[in-house]
Protein chains: 2
Amino acid sequence: MTLPPESGAAAPDGNGERPARPVPEATVSRLAVYLRVLGELREAGVETVSSEELAGASGVNSAKLRKDLSYLGSYGVRGVGYDVTSLQGRLQGELGMDHRQSVALVGVGNLGHALAGYTGFAGRGFPVSTLFDVDDDLVGSEINGIRVRHVREIPEVCAGGGVTIGMIATPGPAAQKVCDLLVAAGVQSILNFAPVLLTVPDDVEVRKVDLSVELQVLAFHVARRHTGAAAVTDKTNESVVS
Amino acid sequence: MTLPPESGAAAPDGNGERPARPVPEATVSRLAVYLRVLGELREAGVETVSSEELAGASGVNSAKLRKDLSYLGSYGVRGVGYDVTSLQGRLQGELGMDHRQSVALVGVGNLGHALAGYTGFAGRGFPVSTLFDVDDDLVGSEINGIRVRHVREIPEVCAGGGVTIGMIATPGPAAQKVCDLLVAAGVQSILNFAPVLLTVPDDVEVRKVDLSVELQVLAFHVARRHTGAAAVTDKTNESVVS
DNA sequence: CTTTGTGAACGGGTTCACAGCA
DNA sequence: TGCTGTGAACCCGTTCACAAAG
């Protein structure tokens, strides 16, 4: 179809594939799921998977999975399936796991403390490298081996430390101010847990996780079941965003 | 997929409005956002909002907001806007906030502990009424004033206590077992924080929050910016890249 | 044969633009 | 006049079904 990418492209790796670049946003989040499943399969000693198997383990149908992978080029073998290890490598590259990612977390309250201690992040290649808070009782202490710094240090620490992703877990009223600091420090990707709408420049990407919204969607379905109403238009199953 | 369509239910609803029932799933999550914003407006003493204002504060455009609200019937006044209080009431009803919602949280580890202590839930009408864990050191203790019970008590406590929503914040390997217990106890709505795909009967609704996936989507955009590639197909609100 | 990769059909959600009403 | 409510156009993602390839 439309091939906007400029010429040259300087073939990053020595691979002979032509990766039709424009990956749909919806596909990106699923790639992350496939990557996790591939890791489990590899762990289990599996060397090859069919689209049917990988799709099943990921909670999607096989057509969707194949379409998703097709955006990155051809990495399967017809009549056989996909090589677990090489596909894993391909996805890691596509999802930016070959760059070093460094995460800064702002707000070490209830939720922030849990996020700081969550080992799953480091395990997936997203080590939380720095913590920030405004509370002087917290500043200077360590959580999970990571020093808590004062929010005012965000500019120097983030800019100098190569922070690529910021997580905001502050109370709502503080979120925008913190966001501005992160943006000023050059952070262009932000995961926001505060229940407010952040205003950012166009070149900054914000994703929002709103747990109350998730609960309310579930409550809606509870109520609907109870009133015996007709089914809603179903399409998306799972995940969040905003 | 979804359920076998309509089953009678001859609309005994004494409401004067004709609420063209089938609310799109995408709309439901936005209704929750509008509801939060309406609460803030009311708090601030605002009595009327235009679609433009409410949309702006919610991070969507006004056409989408009006379309969303139109699924619930006409609740605005042409030339004026919406009455904050009455619209709030309408949304609360639609989102099941007039039923009493009772949330059970399973897994009081890192994340679970934070969720149990998060005051935002109760504030939004989702009081966490019960906590469960397998760890005998935790069972019997209290978090945020809520007693921690043993997982094996799920059946009786949930069935008897009218739990409508279950949250799973256990390690991955335990999630499916816990899920089965909740389902057996009659819970039909589950919010899953464990990084695994849950298998449930068709009449049970599962939503998944996968923080690692969120980070990986952000990492993808970081990587793409870095390689100067073309923009992805953007659809979801907020932020684009160039 | 088996399973991938993909054009084409389909469907749902967003946006547009204007009719309708206070 | 100003703003809501909504049909219709548009766009994007999902699904289908089959040709291509091992």
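**Close-up views of a predicted protein–DNA model**

**View 1. A left-handed helix crossing in chain B.** In this predicted model, H1(B) and H4(B) cross in a left-handed manner. The two partners are helix H1, residues 25-43 of chain B, and helix H4, residues 84-94 of chain B. Their axes lie 9 Å apart and make an angle of about 145 degrees.

**View 2. The residues that join H1(B) to H4(B).** Take a look at the H1(B) side to begin with: B:Leu31, B:Tyr34, B:Leu35, B:Leu38, B:Gly39, B:Leu41 and B:Arg42 make the contact. Facing them from H4(B) are B:Val84, B:Thr85, B:Leu87, B:Gln88, B:Leu91, B:Gln92 and B:Glu94. Sorted by class, this contact holds 8 nonpolar, 4 polar and 2 charged residues.

**View 3. The annotated DNA-binding region of chain A.** An unreviewed UniProt entry places the feature "DNA-binding region" at residues 33-72 of chain A. Along residues 33-72 of chain A, the chain is 70% helix and 5% strand. The C-alpha atoms at the two ends of this stretch are 15 Å apart.

**View 4. The protein surface near DNA strand C.** Here 23 residues gather around DNA strand C, and those that come nearest are A:Ser51, A:Arg66, A:Arg78, A:Tyr82 and B:Asn61. Of the strand C atoms within 4 Å of the protein, 67% are sugar and phosphate. Chain A contributes helix H3 (62-70), strand S2 (76-77) and strand S3 (81-83), while chain B contributes its own helix H3 (62-70); each of these elements supplies at least two residues of the surface. By class, the surface near DNA strand C has 6 nonpolar, 9 polar and 8 charged residues.

**View 5. Polar contacts to DNA strand C.** Two tyrosines of chain A can be followed to the phosphates. For A:Tyr82, a side-chain N or O atom is 2.7 Å from a phosphate oxygen of DNA strand C. For A:Tyr75, a backbone N or O atom lies 3.3 Å from a phosphate oxygen of this strand. Turning to the bases, a side-chain N or O atom of B:Arg78 is 3.0 Å from a base nitrogen of DNA strand C.

**View 6. The protein surface near DNA strand D.** DNA strand D is surrounded by 22 residues, the closest being A:Asn61, A:Arg78, B:Ser51, B:Arg66 and B:Tyr82. Sugar or phosphate makes up 65% of the strand D atoms within 4 Å of the protein, and bases make up the rest. The surrounding residues comprise 5 nonpolar, 9 polar and 8 charged ones.

**View 7. Polar contacts to DNA strand D.** A polar backbone atom of B:Ser51 is 2.6 Å from a phosphate oxygen of DNA strand D, and a polar backbone atom of B:Tyr75 is 3.3 Å from a phosphate oxygen of the strand. B:Arg78 has a polar side-chain atom 3.0 Å from a base oxygen of DNA strand D. The elements giving two or more residues to this surface are H3 of chain A, together with H3, strand S2 (76-77) and strand S3 (81-83) of chain B.

Technical notes: Residues numbered from 1 in each chain as written. Chains lettered and ligands numbered in written order. Predicted model: local features only at pLDDT ≥ 70, side-chain atom pairs only at ≥ 80, totals over all residues. Heavy atoms only, no water. Axes fitted to C-alpha atoms, helices over the stretch in contact; angles between N-to-C directions. Helix = DSSP H or I, 4+ residues; strand = E, 2+ residues; numbered from the N terminus. Left-handed = near helix turned anticlockwise from the far one by under 90°. Contact = heavy atoms within 4.5 Å. Nonpolar A, V, L, I, M, F, W, Y, C, P; charged D, E, K, R; others polar. UniProt positions renumbered as here; feature names shortened; annotations may be inferred. Near = heavy atom within 4 Å. Polar contact = N/O pair within 3.5 Å; in protein donor to acceptor, adjacent residues only side chain to side chain.
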